Amino acid sequence: MSEKRDFYLVLSVTRESSDDEIKKAYRQAALKHHPDRNPGDKGAEEKFKEASEAYAVLSDSEKRATYDRFGHAGLNGAQSFDGMGDILSHFQDMFSDFFGGSGAGGGRRKRGPDRGQDVRVEASISLKDALLGGKHEILVSGAAPCDTCLGSGAEPGTKTETCNQCHGTGQVTAQRGFIMFSSPCARCRGTGQYLPSPCKTCRGAGAVERQRKVLVAIPGGIDSGQRLRVPRQGMPGPAGLPAGDLYVDIEVESDERFERQGADLGTRASISFAEAALGSKVEIKMPDDTLVSAEVQPGTQPNAVIVVRGQGMPRLDRHGRGDLHVAVNVRVPTKLSKNAKKLLRELENELGDAASPET
Ligand SMILES: [Zn+2]
Ligand SMILES: [Zn+2]
């Protein structure tokens with residue numbers, strides 16, 4: 001991992017900036033780089049992560065003081081996030097404020113999330129898999145329901161209780177001057193539910209970070225940059241609520257023999273110059289090992305392209321398949337026997353000017 005940047009620089013604030021200014025700066029950065037707004041953008045995700053780490057430290061007066069005195073070394077890596085799910089759950093209350101826009105005194109009462117967070121992963125598949133489609137196991141790293149507490153976050157045998165700080169509303173109000181401020185309850189993190197004995201495996205999160213396999217149905221013809229949604233395979237929902245969705249961003253690996261352009265496939269085939277002159281057939285071994293034959297017309301020239309209709313990739317949006325384009329390479333013999341040379345000279349005489357194509 002590269003050197004960490006100065007947290008104040010990351011958020012474009014100064015050491016003198018107030019908590020409110022820092023919160024405002026982070027809100028701006030989070031809105032700009034939030035992965036939901038920049039799907040598939042790794043750079044944005046990194047920036048989002050960096051800003052979140054900076055904010056986690058600078059928004060905490062104790063951590064901020066330590067950081068001011070000792071820099072990154074003082075934090076001992078304590079504030080780093082394992083993944084997007086980790087960040088999103090850490091700042092969940094704040095994000096719902098950012099994006100939901102329900103401020104203090106707003107008409108809508110703030111409620112906890114009604115399902116788990118969505119998760120986005122990238123998956124590389126071969127051209128063969130993209131051609132055939134079918135079910136594929138995809139490795140997902142990230143939050144998965146904790147096996148010990150089955151996602152409830154409570155130590156087995158114990159239960160969650162209604163938070164007595166906020167009486168289950170998830171909100172606490174405080175008066176400053178004439179203004180009432182309403183903020184998420186710190187004891188229960190705005191959920192209204194409190195865990196008297198958090199599960200020891202997941203520390204009450206209900207989820208643990210791990211790798212799991214998810215069976216994903218890939219439609220034949222899928223291309224790089226396309227996204228699949230797998231319902232209910234995202235982050236587990238809090239306290240028995242449904243999980244979020246899993247989004248799989250597909251990357252189709254490049255293939256040695258085939259180039260792809262949308263639903264069309266391109267490849268090369270070598271034929272002898274006799275085959276080029278007389279016409280013939282070439283067999284193309286497709287990515288899925290089936291054979292497709294391409295008709296070589298008599299008089300085919302080097303680099304000519306034979307189009308075989310309907311033998312490309314399946315079309316995702318409609319029926320049928322694209323085309324297969326075969327670029328023809330004509331082999332010119334390099335080792336000639338005495339007899340072959342003699343025959344070729346005779347052939348050349350026989351053909352005369354007809355041997356060269358019209359220009
Ligand atoms: Zn647990
Ligand atoms: Zn509470």
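Author: Let's start with a term: a residue is called buried when its relative accessible area is under 20%. Keep in mind that this is a predicted model.

Reader: Okay, so how do I read a strand like strand 1? Which of its side chains are buried?

Author: The general idea is that side chains in a regular strand alternate between the two faces of the sheet. Now look at strand 1, residues 119-125: Val-119, Val-121, Ala-123 and Ile-125 point to one face and are buried. Arg-120, Glu-122 and Ser-124 point to the other face and are not buried.

Reader: And which strand does strand 1 run parallel to?

Author: That's strand 9 (residues 246-252), joined to strand 1 by seven bridges. Take Arg-120 as an example: its bridge partner in strand 9 is Tyr-247.

Reader: Next, the metal. What holds the zinc ion (ligand 2)?

Author: Four protein donors, the SG atoms of Cys-163, Cys-166, Cys-185 and Cys-188, lie 2.3 Å from the zinc ion. Along the sequence these donor residues are spaced C-x2-C-x18-C-x2-C. Cys-163 sits in the loop between strand 3 and strand 4, and Cys-185 in the loop between strand 5 and strand 6, so to speak a link between distant parts of the chain, 22 residues apart. Cys-163 is buried, because its relative accessibility is 1%, and Cys-185 is buried too, also at 1%.

Reader: Why is the arrangement of the donor atoms called tetrahedral?

Author: For four tetrahedral donors, the ideal angle at a metal is 109.5 degrees. Here the four donor atoms subtend angles of 101 to 115°, and therefore the arrangement counts as tetrahedral.

Reader: Let's do rings. How many aromatic pairs are there?

Author: Three. In one of them, Phe-7 and Tyr-67 have ring centres 4.8 Å apart and planes at 35°, so the pair is tilted. Phe-7 belongs to helix 1 and Tyr-67 to helix 4, 60 residues apart. Both rings sit in buried residues: Phe-7 has a relative accessible area of 3%, and Tyr-67 has 2%. Tyr-8 also pairs with Tyr-67, again tilted, at 6.1 Å centre to centre and 35° between the planes. Put together, ring pairs link Phe-7, Tyr-8 and Tyr-67 into a cluster.

Reader: What lies over the face of Tyr-194?

Author: Arg-187 does, at 3.6 Å from the ring centre.

Reader: One more. How far does helix 9 reach?

Author: Helix 9 (residues 338-351) has 14 residues and spans 20 Å from its first C-alpha to its last, close to the 20 Å expected at 1.5 Å a residue. Right after helix 9 comes Gly-352, with a positive phi near 60°.

Methods:
Residues numbered from 1 in each chain as written. Chains lettered and ligands numbered in written order. Predicted model: local features only at pLDDT ≥ 70, side-chain atom pairs only at ≥ 80, totals over all residues. Heavy atoms only, no water. Donors = N, O, S within 2.8 Å, 3.2 Å for Na, K, Ca; no water. Tetrahedral: all angles 85-135°; square planar, octahedral: opposite > 155°, others 65-115°. Helix = DSSP H or I, 4+ residues; strand = E, 2+ residues; numbered from the N terminus. Buried < 20%, exposed > 50% of the residue type's maximum accessible area, 1.4 Å probe, protein only. Pairing = 2+ DSSP bridges. Expected span 1.5 Å × (residues − 1). Phe/Tyr/Trp six-rings, centres within 6.5 Å; stacked < 30°, edge-to-face > 60°. Lys NZ or Arg CZ within 6 Å of the ring centre and 35° of its normal.
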